[in-house]
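Hello,

Here is the structure I promised to pass on to you. Please open it next to this email and look up each residue as you read.

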Amino acid sequence: MLVAEVTTTDLRKTRYQVESRDDIRKTRQGYKIETASGEVVRMSEEEVESISVTDE
């Protein structure tokens with residue numbers, strides 16, 4: 001299982017389980033993450049500092 005760790009500009013870190021790197025997309029509005037449980041998380045580009053993906 002892959003884990004996407006999102007760091008926001010206020011330095012909060014949130015982890016999401018994803019099935020593949022393709023579940024993280026850059027859109028015109030920002031970022032879209034589809035989690036392994038089917039939840040869709042959207043974040044604006046301005047609030048995301050970084051996204052890293054690791055295998056766990």
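To begin with a term we need: strands are DSSP runs marked E of at least two residues, numbered from the N terminus. In that numbering, T7 has its place in strand β1, which covers residues 2-8. Please keep in mind throughout that this is a predicted model.

Let's stay with T7 for a moment. Is T7 buried or exposed? Its relative accessible area is 10%, and buried means under 20%, so T7 counts as buried. Leaving aside residues up to four places away in sequence, T7 touches R12, K13, E47, V48, E49 and S50.

Next, the strands in the middle of the chain. Strand β3 (residues 24-27) pairs with strand β4 (residues 30-34) in the antiparallel sense, over 4 bridges. A hairpin of 2 residues joins β3 to β4. If you would like one pair to find on screen, take R25, whose bridge partner in β4 is K32.

Strand β4 also pairs with strand β5 (residues 40-44), again in the antiparallel sense, and here there are 5 bridges. Across this pairing, Y31 stands opposite M43 in β5. The hairpin of β4 and β5 has 5 residues between the strands, and in this hairpin G38 takes a positive phi near 95°.

Now to the charged side chains. Side chains of opposite charge can pair when their charged atoms come close. How many salt bridges does a search of the whole structure find? The search finds 7 of them, and I'll walk you through some.

One of them links E56 with R15, with the closest N and O atoms 2.6 Å apart. E56 lies in the segment after β6 (48-55) and R15 in strand β2 (residues 13-18), so this pair ties together parts that are 41 residues apart in sequence. E56 is exposed, at a relative accessible area of 54%, while R15 counts as partly exposed at 47%.

Another salt bridge brings together the side chains of R25 and E34, at 2.6 Å from N to O. You met R25 above as the bridge partner of K32. Both ends of the salt bridge are partly exposed: R25 has a relative accessibility of 36%, and E34 has 26%.

A further one joins K26 and E45, whose closest N and O atoms are 3.0 Å apart. K26 lies in strand β3 and E45 in the loop between β5 and β6, so here the pair ties together parts 19 residues apart in sequence. K26 is partly exposed at 48% relative accessibility, and E45 is partly exposed at 41%. Some salt bridges also share partners, and in this way E5, K13, R15 and E56 are joined into one network.

K26 has one more thing to show you. Over the face of which residue does K26 lie? That residue is Y31, and K26 is 5.4 Å from its ring centre. Y31 is also the residue that stands opposite M43.

Finally, a word on aromatic rings. What does the count of aromatic pairs come to, if ring centres must lie within 6.5 Å of each other? The count is 0.

A good place to start on screen is T7 in β1, followed by R15 and E56 with their salt bridge, and then K26 over the face of Y31.

Enjoy exploring, and write back whenever you like.

Best wishes

Note on methods. Residues are numbered from 1 along each chain as its sequence is written. This is a predicted model: local features need pLDDT of at least 70, side-chain atom pairs count only at pLDDT 80 or more; totals for chains, interfaces and linings use all residues. Side-chain values use heavy atoms; hydrogens and water are left out. Rings of Phe, Tyr and Trp (its six-membered ring) pair if their centres lie within 6.5 Å; planes under 30 degrees apart count as stacked, over 60 as edge-to-face and the rest as tilted. A charge sits over a ring if NZ of Lys or CZ of Arg is within 6 Å of the ring centre and within 35 degrees of the ring normal. Two strands pair if DSSP finds at least two bridges between them. A salt bridge is a side-chain nitrogen of Lys or Arg within 4 Å of a carboxyl oxygen of Asp or Glu. Buried means under 20% relative accessible area, exposed over 50%, partly exposed in between (1.4 Å probe, protein chains only). Contact means heavy atoms within 4.5 Å.
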